[in-house]
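Reader: I should be grateful for a close and formal account of a single part of this model, with attention to charged side chains and their setting. Please begin from one residue and proceed outward from there.

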Amino acid sequence: MNQVTKGQWNDYDTYTLNSGSLEVTILPRLGNNVIGINDLHEERQIIRRPDESELAFYLQKPYHFGMPLLIPPGRISKGRFQYAGQDYQFDQNTVNDNHIHGLHRTQAWCVSDIEEDEEGCSVTTELHTSDDPHWLQQLPEPLKLQMVFHLQETTLQQRLRVSNLGSSPVPFGMGYHTWFLLDGSPQNWQLRLPVDHICELDEEQVPTGGTVPLHELAELQHGMSLAGSNLDTIFKLQENQPAEAVLTRNDGYTLHYSGDSSLFKHWVLYTKGEAQDFLCIEPYTWLPNAPNLPLSKEETGLIELLPGSSVELVTTLQIRRPESSS
C-alpha cells in the first residue's frame, strides 16, 4: 500500500503513513508528535493516542501522549547551568522550581517532503528554533531540526538531524517519552532491556551523577514481568550491548524499540503508578541534569554541537507478530 494521507485532529493537519500493516499518524503543527500507531492486523493502538476532547490537556502537557520528542529530556536542577562560558536559564516548571522535559513542546513544524514507493513511505518535517522567541530566550544559538518518519511494513524509523546554525557550541540532549499501551493487562507483558545500573536521584528526582545497583530490577536483563511494577527510573545501558527494549506479550507479539547504543546510553521506564495501562519506554541521549554533573561528556551522553556541525539520531520501532498470526 505505502501511502500518506492528510487528515485533521482538532483542526490541525495530520499525516498518516500506511504500509498496509501499520498506520502511523503524525501531528506536525503541534510538536511533530507521533500521536497514533494502529496495528491494522491486530486492530489495536500500540501507543497512547490523544482523544480530540483532550486538546487542552495535550497543549499543557504534550509529552503525555504518543511518542513526544524531548529536547532536552528529564530534569535540570533549577533549570540552570553553564556551558562553554555561557549561562543558561530554562523555565522552572516543576513543583521544586526545576526544569523538566525541555524546550520542545507544541511548536509548528513544516512538512518539506512526502515520498511513497515500493520501499515504504515517509514524511519529512523541519523546524528552525530561531522562529520561536521563547526557545531562543533559553537557548540562544539557532538550531535546524529535521525529522524523517519512514514506515516500511511493520517498521517505523525516526531519523532526527540537528544542525547548529549559530556561532557558539551548544550542549545538546534529546529523548522520546513513548507511551506504549498494556491494554489493562500488565501481567501479559514482559520487558527486556540490557541495563547495568540505576541512576541515583536526589529528593527532587534530579540525577546526582551516582549509580545504585539494580537489585530486583536485574530481571530486566533477561525479561521482567510488568505485573505489579511501579517504575519511574533512569537506567544506564550496559556497555557493548544493543540499545534495544523488547516488550513481549505472552502470545509472542513483540515490540522492538531501538537506537544507536553509542548515543542512546540512558533509558527511562515509567508506569504512571503501578503498571496498568501504560509503560513509557524512553531512550535518552543524555543523563538528565548532564551539564551540572561532575562527569565527562562520554559518561553523561551530552552532545557538543559545534558551530556548523550536525548530529543524526535514529530510533526504530519494529512490531513482530507470532508466526501463527502473521
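Author: In this predicted model, Glu 204 counts as partly exposed, because its relative accessibility is 22% and the buried class is reserved for values under 20%. The side chain of Glu 204 meets that of Lys 78 in a salt bridge, with an N to O distance of 3.6 Å. Glu 204 belongs to the loop between β19 (195-201) and β20 (207-212), while Lys 78 belongs to the loop between β7 (75-76) and β8 (80-83), so the contact ties together parts that are 126 residues apart in sequence. Lys 78 is likewise partly exposed, at 28% relative accessibility.

In general terms, side chains of opposite charge can pair when their charged atoms come close. The structure holds eight salt bridges, and the contact of Lys 78 with Glu 204 is one of these.

Glu 312 deserves separate attention. Its side chain forms a salt bridge with Arg 159, at 3.9 Å from N to O. Glu 312 is located in strand β28 (residues 310-320) and Arg 159 in strand β14 (residues 155-164), so this pair connects parts 153 residues apart in sequence. The distance of 3.9 Å is accepted because the criterion asks for a nitrogen within 4 Å of a carboxyl oxygen. Glu 312 also meets Arg 161 in a salt bridge, again with 3.9 Å from N to O. Here too the glutamate is in β28 and the arginine in β14, so the pair ties together parts 151 residues apart in sequence. As for accessibility, Glu 312 is partly exposed at 38%, Arg 159 is partly exposed at 28%, and Arg 161 is partly exposed at 36%.

A further linkage of charges involves Glu 42, Arg 249 and Asp 251, which are joined in a network of salt bridges.

Other acidic residues form a surface patch. Asp 113, Glu 115, Glu 116, Asp 117, Glu 118 and Glu 119 make up a negative surface patch. Among them, Glu 119 is placed in the loop between β11 (110-117) and β12 (120-128). With a relative accessible area of 45%, Glu 119 is partly exposed, and membership of a patch requires over 30% and no salt bridge.

Strand β12 also contains Thr 124. Thr 124 has a relative accessible area of 9% and is therefore buried. Between the C-alpha atoms of Thr 124 and Leu 293 there is a separation of 35 Å, and the two residues are 169 residues apart along the chain.

The strand arrangement at the start of the numbering completes this account. Five strands form an open sheet in the order β1-β2-β3-β4-β5, and their pairing is antiparallel. The edges are occupied by β1 (3-9) and β5 (44-45), each of which has a single partner strand, so one side of each lacks a neighbour in the sheet. Strand β4 (residues 33-39) runs antiparallel to β5 and is joined to it by two bridges. Asn 38 is the residue that stands opposite Gln 45 of β5.

How values were computed:
Residues are numbered from 1 along each chain as its sequence is written. This is a predicted model: local features need pLDDT of at least 70, side-chain atom pairs count only at pLDDT 80 or more; totals for chains, interfaces and linings use all residues. Side-chain values use heavy atoms; hydrogens and water are left out. Patches are made of residues with over 30% relative accessible area and no salt bridge: like charges are joined within 9 Å, nonpolar side chains (Val, Leu, Ile, Met, Phe, Trp, Tyr) within 5 Å. Accessible areas come from the Shrake-Rupley method with a 1.4 Å probe; for residues, only the protein chains shown count as cover. Lys and Arg count as positive and Asp and Glu as negative; His and the chain ends are not counted. The place of a charge is taken as NZ of Lys, CZ of Arg, CG of Asp or CD of Glu. Helices (H or I, at least four residues) and strands (E, at least two) are DSSP runs, numbered from the N terminus. Buried means under 20% relative accessible area, exposed over 50%, partly exposed in between (1.4 Å probe, protein chains only). Two strands pair if DSSP finds at least two bridges between them.
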